[in-house]
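Student: I am new to this structure and would like to learn how its descriptions are reached. Could we go through it together?
Tutor: Gladly; let us have it in view and begin.

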Amino acid sequence: MRSIGVGLVSLLISLASQAAIVIGQSAPLSGVAGEYGRQVAQGARAYFLWLNEHAGGINGEPVKHLLYDDGFDSARTLANTRTLIDDDQAVALMGYFGADATHQLLQRKWLEQAGIPLVGVANGARTVREPGSPFLFHTRAGQREEVSKLIAQMKGLGLAEIGVFHADDSFGQDGLRAAEQAAKAAGVRIVASASYASNSANVSAAVAKLAAANPPAILMISITKPSGAFIKAYRGQGGSAALYHTSTLDFDQLVDEIGAPLAHGLAIAQVYPYPWDSQSKLIREFRAAVSNYASTSTPMSYAALEGYIMAKLLAEAISRAGPKPNRAKVYQALASLGETNYGGFRLDYGPGRRVGSRFVELTIINQKGELSR
């Protein structure tokens with residue numbers, strides 16, 4: 001955390017002496033998804049630290065954000081979850097990442113058994129949504145909506161054939177199925193698809209297959225490190241396809257790893273507002289919180305904004321739950337929240353509604369390695 005001054009240090013010491021509202025998070029802080037996971041966590045932590053300083057926490061009770069590294073490993077995610085539920089007595093969970101780990105958590109019905117809500121999964125795979133859980137509150141549009149928007153964009157540009165590069169896990173396989181359905185509906189033909197092993201950046205076989213097929217466009221359903229490895233190797237083999245990507249990509253990290261010339265032209269679906277929109281009150285608040293309370297290495301990214309929005313939503317529900325909140329009160333507050341408008345970004349929850357947002361827009365990396373709308 002940045003230097004925060006004597007006044008805030010004194011306040012935090014005072015808050016630490018009180019009973020705290022414990023919010024738990026398991027996220028990949030290391031491994032192939034570590035950069036994205038760290039940014040989501042830092043965005044959430046920045047909001048909670050801001051809240052403790054400026055509002056004394058929630059209803060006079062400080063927030064304690066407990067964060068555990070799962071390394072993008074399902075077994076570690078599940079172990080962290082048991083610790084947060086059983087030992088740390090968290091009133092709510094937030095900001096999970098992996099589709100496989102979350103799917104396993106839902107299959108075990110741990111949320112229902114503990115009566116604990118989970119706010120936000122940084123993944124839009126259908127496997128964590130259908131049937132999902134009444135205790136899981138999504139803050140992003142689904143992967144199928146992203147893929148449909150991307151393929152509609154390709155169709156609008158006259159592209160009739162595409163390839164698909166995807167992770168070989170529930171997230172990637174769901175994306176491939178979404179691509180097949182969207183392509184069929186749009187009259188676009190998938191001429192080749194290729195996968196890479198989850199939690200890996202070994203993409204050589206996928207590069208060879210898609211380079212040989214030579215489609216005019218490739219849809220990428222992956223995370224940053226394997227995406228960067230694919231683009232670098234694919235362009236190195238002379239691949240010239242237009243590249244399109246789902247929102248599970250940190251463009252700053254991608255540009256740092258492969259350079260602006262290789263990243264240039266990549267179109268990316270986004271499921272949150274543009275983090276550089278100075279006209280948005282939400283974005284101004286987010287940027288101020290990250291500047292003052294996140295680690296100095298945290299960029300003003302979509303990932304950090306995702307964590308910030310998750311934390312803001314959860315804090316609002318806890319506030320509505322009243323003093324001395326427990327899991328049941330927080331769940332009821334989330335389930336009856338209705339529509340919440342954060343400066344034009346709307347989330348809506350109620351009976352049978354657990355997907356709070358359908359927002360999707362497209363961005364593109366320009367020649368300078370910057371992201372444009």
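Student: How do you know that strand 1 and strand 2 pair, and in which sense do they run?
Tutor: This is a predicted model, and in it strand 1 (residues 21–27) and strand 2 are joined by seven bridges in the parallel sense. Pairing asks for at least two bridges, so seven bridges meet the definition. Two of the facing positions are Gly24 opposite Leu66 and Val22 opposite Lys64.

Student: What makes strand 2 and strand 5 edge strands?
Tutor: Start with the order: the open sheet has five strands, arranged 2-1-3-4-5 with parallel pairing. Strand 2 (63–69) and strand 5 (136–137) each have a single partner strand, so each has one side without a neighbour in the sheet. Helix 2 (residues 34–55) packs on this sheet, where it touches strand 1, strand 2 and strand 3 (92–96). The direction of helix 2 makes about 165 degrees with that of strand 2.

Student: Why is strand 1 called mostly covered?
Tutor: Seven of the seven residues of strand 1 are buried, and buried stands for under 20% relative accessible area. On one side these are Ile21, Ile23, Gln25 and Ala27, and on the other Val22, Gly24 and Ser26. Both faces of strand 1 are therefore covered.

Student: And why is Asp69 called partly exposed?
Tutor: Asp69, which lies in strand 2, has a relative accessible area of 24%. Buried would need a value under 20% and exposed one over 50%, so Asp69 at 24% falls in between and counts as partly exposed. Leaving aside residues up to four places away in sequence, Asp69 touches Ala27, Pro28, Leu29, Ser30, Arg76 and Asn80.

Student: What makes the phi of Asn59 worth a remark?
Tutor: Most residues other than glycine have a negative phi. Asn59 is not a glycine, yet its phi is positive, about 50 degrees. Asn59 is in the loop between helix 2 and strand 2, and its 40% relative accessibility makes it partly exposed. Asn214 is also not a glycine and has a positive phi, about 55 degrees; its place is the loop between helix 8 (204–213) and strand 8 (217–221).

Student: Which peptide bond is cis, and what is its omega?
Tutor: The bond from Glu130 to Pro131 is cis, with omega near 5 degrees. Pro131 belongs to the loop between strand 4 (118–121) and strand 5. For background, most peptide bonds are trans.

Student: Why are helix 6 and helix 7 called oblique to each other?
Tutor: Two packed helices are described by the angle and the distance between their axes. For helix 6 (residues 143–156) and helix 7 (residues 170–186), the angle is about 40 degrees and the axes are 9 Å apart. Roughly parallel needs an angle under 35 degrees, and roughly perpendicular starts at 65. About 40 degrees fits neither, so helix 6 and helix 7 are oblique. Helix 6 passes helix 7 in a right-handed crossing. The residues of this contact are eight nonpolar, four polar and four charged.

Student: Which residues bring helix 6 and helix 7 together?
Tutor: Helix 6 contributes Gln143, Arg144, Val147, Ser148, Ile151 and Lys155. Among the residues they meet in helix 7 are Phe171, Asp174, Arg177 and Ala178.

Student: What makes helix 2 and helix 12 roughly perpendicular?
Tutor: The axes of helix 2 and helix 12 (residues 281–293) cross at roughly 90 degrees and come within 9 Å. The range for roughly perpendicular is 65 to 115 degrees, so this crossing falls inside it. In the contact, Ala46, Leu49, Trp50, Glu53 and His54 of helix 2 meet Ala289, Val290 and Tyr293 of helix 12. By class, these are six nonpolar, one polar and one charged.

Student: How do you know that strand 9 and strand 10 are paired?
Tutor: Two bridges join strand 9 (residues 242–245) to strand 10 (residues 267–270), and the two run parallel. At least two bridges are required, so the definition is met. Tyr244 stands opposite Ala267 in strand 10. An open sheet of seven strands has the order 7-6-8-9-10-13-14, with mixed pairing.

Note on methods: Residues numbered from 1 in each chain as written. Predicted model: local features only at pLDDT ≥ 70, side-chain atom pairs only at ≥ 80, totals over all residues. Heavy atoms only, no water. Axes fitted to C-alpha atoms, helices over the stretch in contact; angles between N-to-C directions. Helix = DSSP H or I, 4+ residues; strand = E, 2+ residues; numbered from the N terminus. Parallel < 35°, antiparallel > 145°, perpendicular 65-115°, else oblique. Left-handed = near helix turned anticlockwise from the far one by under 90°. Contact = heavy atoms within 4.5 Å. Nonpolar A, V, L, I, M, F, W, Y, C, P; charged D, E, K, R; others polar. Buried < 20%, exposed > 50% of the residue type's maximum accessible area, 1.4 Å probe, protein only.
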